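Student: I should like to go through this model and ask what lies behind the terms used for it.
Tutor: Please begin with a helix and its surroundings.

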Amino acid sequence: MSAPVRIGIIGGGLMGREVASALGRWFVLNDFPVQAELVAVCDLVESQREWFRQVPTVKLLTADHHELLASPEVDVVYVAVPHNLHQTLYLDVLKAGKDLLAEKPFGIDLAAARTIARAAESSGRFVRCSSEFPFLPGPQRAFQFAREGGVGTLLEVRSGFHHSSDLDPTKVANWKRQVRTCGEIGVMGDLGMHAVHVPFRLGWVPRRVYAQLQKIYLERPDGKGGMTVCDTWDNALLHTDLEVDGRDVPMRFEMKRLAPGETNSWFLEILGTEGGVKFNTREPKTLWTFQRGKEQTWNRTDLGFHGPFPTITGGIFEPGFPDCFLQMWAAYLAERAGQLGDRFGCVTPAEAVRSHELFAAALESHSEKRAIECPGDS
Ligand SMILES: NC(=O)c1ccc[n+]([C@@H]2O[C@H](COP(=O)([O-])OP(=O)(O)OC[C@H]3O[C@@H](n4cnc5c(N)ncnc54)[C@H](O)[C@@H]3O)[C@@H](O)[C@H]2O)c1
């Protein structure tokens with residue numbers, strides 16, 4: 001068996017720990033061609049670093065990302081830090097000659113995303129961006145259904161991600177609520193990559209966008225007894241036009257931090273004249289499909305546990321967030337090893353730049369209250 005790919009993490013917060021969880025149970029993947037282990041973690045905060053002491057394979061804990069990047073013991077680096085740090089840290093990873101799994105939104109804005117994508121290209125390193133929900137069985141089936149033409153003539157697409165915890169005005173603000181650290185694109189930077197990954201991979205690139213953006217709570221508790229400004233967009237509805245076979249098709253992206261009743265609902269709906277498909281993480285093993293017939297019927301299929309990469313988990317069990325995150329990592333490392341085959345892959349730098357082009361056009365649309373053309377394929 002070949003030596004494990006050695007992973008380092010920069011940013012040991014919410015997502016850094018999810019990576020430790022995924023790599024810590026790598027052995028559940030059946031006959032997977034690549035071994036992987038977490039060997040190094042960098043975080044500025046000591047308590048964040050200390051959490052990783054319980055991971056037996058971790059040999060280096062540091063507050064200085066240059067120290068992690070200088071280590072010859074690290075092959076691939078995953079970076080999960082606030083958005084204002086993406087460009088600097090991603091470029092440092094590439095300069096150090098390491099491969100990169102970057103967290104979304106791949107830079108704080110369009111200029112940063114373009115700079116990172118250019119650096120990725122010229123470095124020759126393997127770079128992808130994180131978006132895990134499409135690796136659940138439901139989205140995989142929806143993707144195949146659409147790719148194989150199951151919908152007939154496309155009528156409309158709706159893709160989005162809804163959260164609700166920000167409905168609580170007493171929720172303490174963090175870096176995701178401020179433009180300086182999260183970016184002007186706000187909720188689009190937080191949730192947008194999740195919404196666009198599958199449509200973009202199907203080749204569905206918006207031609208123009210009309211955006212409705214909302215800021216509801218303009219300040220929140222700062223966690224130290226005072227209040228602090230919250231200046232990012234909370235909710236974003238992007239009404240876009242997609243051109244398919246010379247016809248405009250409506251495609252709506254919905255990203256909401258204030259969606260009553262939704263804890264973490266990623267969803268995708270694709271409707272056509274012959275068939276349709278709907279999936280929502282609220283029902284994680286359920287796929288709804290429609291096929292035109294004499295009667296109007298949506299069929300519910302219990303998909304069970306069938307990710308793109310087989311695991312030891314029984315086929316009747318329910319998949320969840322840690323499972324799709326593990327599958328995304330498997331896709332990243334399989335593709336890096338040239339073994340992805342025709343399976344679904346992680347977001348490419350070009351797709352990440354395209355998402356920023358859409359979000360930049362959405363900001364312009366909202367401020368001018370009109371539809372804005374999106375850059376084409378060039
Ligand atoms: N894929 C997903 O589902 C998903 C979910 C949440 C967040 N994210 C993305 O992950 C990234 C991080 O978000 P999070 O929720 O994990 O944030 P977080 O605040 O929980 O963690 C960020 C960590 O980075 C550390 N940090 C900050 N500056 C650093 C530096 N210079 N060097 C080393 N460590 C540093 C902080 O101390 C903190 O522990 C963001 O890009 C975010 O958009 C992705």
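Student: What makes Thr 88 and Lys 95 of α4 exposed?
Tutor: A residue is exposed if 12 or fewer other C-beta atoms, placed from the backbone, lie within 10 Å of its own, buried if 20 or more do, and partly exposed in between. Thr 88 and Lys 95 are classed as exposed, and they lie on the other side of α4 from the buried residues. This is a predicted model, in which local features need pLDDT of at least 70 and side-chain atom pairs count only at pLDDT 80 or more, while totals for chains, interfaces and linings use all residues. Residues are numbered from 1 along each chain as its sequence is written.

Student: Which residues of helix α4 are buried, and why are they said to share a side?
Tutor: In α4, residues 86-95, the buried ones are His 86, Leu 89, Tyr 90, Val 93 and Leu 94. They are on the same side of α4 because they cover an arc of only 140 degrees around the axis, the arc being that of the directions from the helix axis to the C-beta atoms. An α-helix has 3.6 residues a turn, so residues three or four places apart point the same way.

Student: What do the buried residues of α4 pack against?
Tutor: Their partners are β1 (5-10), α3 (65-70), β4 (76-79), β5 (99-102) and α5. Helices (H or I, at least four residues) and strands (E, at least two) are DSSP runs, numbered from the N terminus.

Student: How do you know that β11 and β12 pair, and in which sense?
Tutor: Two strands pair if DSSP finds at least two bridges between them. Strand β11 (residues 235-244) and β12 have ten bridges, in the antiparallel sense, and therefore satisfy the definition. Leu 242 stands opposite Val 249 in β12. Two residues separate the strands in this hairpin, where Asp 245 has a positive phi near 50 degrees.

Student: What makes β7 a partner of β12?
Tutor: Strand β7 (residues 154-162) pairs with β12 (residues 247-256) over six bridges, in the parallel sense. Ser 159 has Phe 253 in β12 as its bridge partner.

Student: How do you know that domain 1 and domain 2 touch?
Tutor: Residues are in contact if their C-beta atoms, placed from the backbone, lie within 7 Å. By that test, 22 residues of domain 1 are in contact with 26 residues of domain 2. On the domain 1 side, α5 gives the largest share, six residues.

Methods
Two residues are in contact if their C-beta atoms, placed from the backbone, lie within 7 Å.
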